[in-house]
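Visitor: I have a model open and a few short questions about it. Can we go through them one by one?
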Amino acid sequence: SGELYCSLPKPRNVHFESINMKNILHWSAPEGTGDGVLYKVKYSVYGVGKWIRKPECRNINRTWCDLSSETSDYEEQYYASVKAFLNGMCSDWMETTRFNPLTDTKIDPPMVSVSSTEKSISIILTAPEKWKRSSEGESVSLLQVYPGLQYNVSVLNKKTKKRWFFSISNNTLVVPWLEPGTAYCVSAQIHVTTPLLHSGFSKEYCIATLKDKTA
Amino acid sequence: TAGNKIFHFGSCRISMSVTEIRSGFTAIKANIQARDPVRTLSILSYPHSLHKVKSSDRCCITHHLFNFYVDKVFKHCKTEDSYVNRKISSIANSFLSVKRKLGQCHEQKKCMCGQESTEKFNQILANYEGLNVTSAAIKSLGELDILLDWVE
Amino acid sequence: EDALLPAPQNISILSTNMKHFLTWSPVIVQGETVRYSVEFQGEYEREYVNESWIPICECSLIAATVCNITEDISATVAYNLRVRADIGARRSEWGTLKGFFNRITTSLTPPLMKVIADGYHLLVELEDMGPAFQFCVLYWKKGQESRVQQKVVKEVSSVIHLDTMEAGPDYCVKAQTYVEAINRSSSFSQTQCVRAQGGRSMWL
């Protein structure tokens, strides 16, 4: 339907929310509008001359649109824009700021797996994968995207309540010489120096060292 | 950390406090990019993306680009916002420091320019001269992360 | 006609651990509150922007005789700094720092450090001195000074694990700070030694 007269207020707070480069466009409804507002979305690669419509986000009533596929090349930067429609009226387009997937994404904590012996615990960390189009698609670890990626690991002795920190570049850590029959809780965080990015700390994974057989 | 990294461009090795430059840029990125309404042009990325530069040309292009920013860009980026101006000064002085180191590599013939890198840089200059000087300078400053992402 | 205010004197820099302060002597005018304003000029401004000066708004018309210039001295180049005094409409000439200031000359103090033995584990707690700082921690078995091990700590987050210890010998630790941006290190802290299995930290 032709757009009659664009007097509708614009959508508000149009921005990308990105985690592991899964890039979702979010916005809020125009001021003072209730239900029934529909939206359409377009995006552009910064420096390239044309806006591209996103058909799957045409005449939608939700206030988000997954543009991960369209913004998956993290050597590019992007803009996206949203227009609202209600009762034959429309709004002007409302744009995001320039989106740089490499620096503007958030990173999930690493996956942590822990095993133990009588006197040691072994920790294996796995960095999250970059978003991919389909589960069959090629997996790209964020380690490949951010070569300077490091891990901060926290080890808590549940008996003494003492917490130690380790900073490691590779993804495995063995903590020897521990007390048998004691519970230790491990959590880990990803740390990239440039661009400066931190994940949060993962939840704690607790494991007990085996009991001392000789005791 | 201050993230002073040693960059290896062939035999040219220079230290650069990238994190300080990035944090200065991040502080003013939204402000500067908002002053650049032209979405359809890029100084650094089109038609040739920096990411397509051969490794043998990296040193020369980097040298050219740091000269470009120090000689042409920063001085035309003065704004009405004193905070933004102070951050631009901080970035400019850091760039000046790096430009000098790259200049030494160039004098020691460790940063040679091939025809391809000269052409690529001339394209960047053509993009720059295609806009009026203030718009071109603000757009170039707004693309600093493109340069830093590529350099790293 | 109002006499010209004297320019601030004894302008100097106090710079320790990458925190830089400009200080000057107060301008004394009986019964008046003198206010001061500070400006800086980097090498870039001198060479490329007609020697222009940039005001530091946090130190504009302040009554104090000290200004924290750390945020603006954020490149390893030579900076110029100047101060002037104001009382209402009366204004002094600029007083300029004698010579340049380059942050490479900041004085670096050894880090505060606490060494902990927790069972067979050698740990260290270091003072958080800000993002510009890393720490080089050296540790060795007492008596085996030739076999020193080193750990670079880039992020200080409470108790850092250094290594495991054998029961019996003392393990000694000392640390220095390292600032990448200026490629300089502090002197070493005092050495501290501990022993495995709950050994006490002894100052040497």
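Visitor: Where is C:Asn50 found in chain C?
Guide: C:Asn50 sits in the loop between α1 and β4 of chain C. Bear in mind that this is a predicted model.

Visitor: What is the phi of C:Asn50?
Guide: C:Asn50 is not a glycine, yet its phi is positive, at about 50°.

Visitor: Is C:Asn50 buried or exposed?
Guide: Its relative accessible area is 73%. The cut-off for exposed is over 50%, so C:Asn50 counts as exposed.

Visitor: Which residue before β1 of chain C should I look at for phi?
Guide: C:Asn10, which lies in the segment before β1 (12-16). C:Asn10 also has a positive phi of about 50° without being a glycine.

Visitor: And is C:Asn10 buried or exposed?
Guide: C:Asn10 is exposed, its relative accessible area being 59%.

Visitor: Changing topic. How many residues of chain C are in contact with chain B?
Guide: On the chain C side there are 27 residues, in contact with 23 residues of chain B.

Visitor: Which residues of chain C lose the most area there?
Guide: C:Tyr44, C:Tyr48 and C:Glu180 do; together they account for 33% of what the chain C side buries.

Visitor: How much area do chain C and chain B bury between them?
Guide: About 2000 Å², with 46% of it on carbon and sulfur atoms.

Visitor: How many salt bridges between chain C and chain B?
Guide: The count is six. A salt bridge joins the side chains of C:Glu47 and B:Arg100, with an N to O distance of 2.9 Å.

Visitor: What about residue pairs in polar contact, how many?
Guide: Across the interface of chain C and chain B there are 15 such pairs, both residues at pLDDT 80 or more.

Visitor: Which elements of chain C each supply at least two residues to that side?
Guide: They are α1 (43-48) and β4 (54-55). Of the side of chain C that touches chain B, α1(C) gives the most, with five residues.

Visitor: What is the make-up of that side by class?
Guide: The side of chain C that touches chain B has 14 nonpolar, nine charged and four polar residues.

Visitor: Last one, on chain A. Is the peptide bond from A:Thr194 to A:Pro195 cis or trans?
Guide: That bond is cis, with omega near -5°.

Visitor: Where is A:Pro195 placed?
Guide: A:Pro195 is in the loop between β15 (183-192) and β16 (197-198) of chain A.

Technical notes:
Residues are numbered from 1 along each chain as its sequence is written. Chains are lettered from A and ligands numbered from 1 in the order in which they are written. This is a predicted model: local features need pLDDT of at least 70, side-chain atom pairs count only at pLDDT 80 or more; totals for chains, interfaces and linings use all residues. Side-chain values use heavy atoms; hydrogens and water are left out. Contact means heavy atoms within 4.5 Å. Buried area is the accessible area (1.4 Å probe) that two parts lose on being put together, summed over both. A salt bridge is a side-chain nitrogen of Lys or Arg within 4 Å of a carboxyl oxygen of Asp or Glu. A polar contact is a pair of N or O atoms within 3.5 Å; within protein, one must be able to donate a hydrogen and the other to accept it, and residues adjacent in sequence count only if both atoms are side-chain atoms. Helices (H or I, at least four residues) and strands (E, at least two) are DSSP runs, numbered from the N terminus. Ala, Val, Leu, Ile, Met, Phe, Trp, Tyr, Cys and Pro count as nonpolar, Asp, Glu, Lys and Arg as charged, and the others, Gly among them, as polar. Buried means under 20% relative accessible area, exposed over 50%, partly exposed in between (1.4 Å probe, protein chains only).
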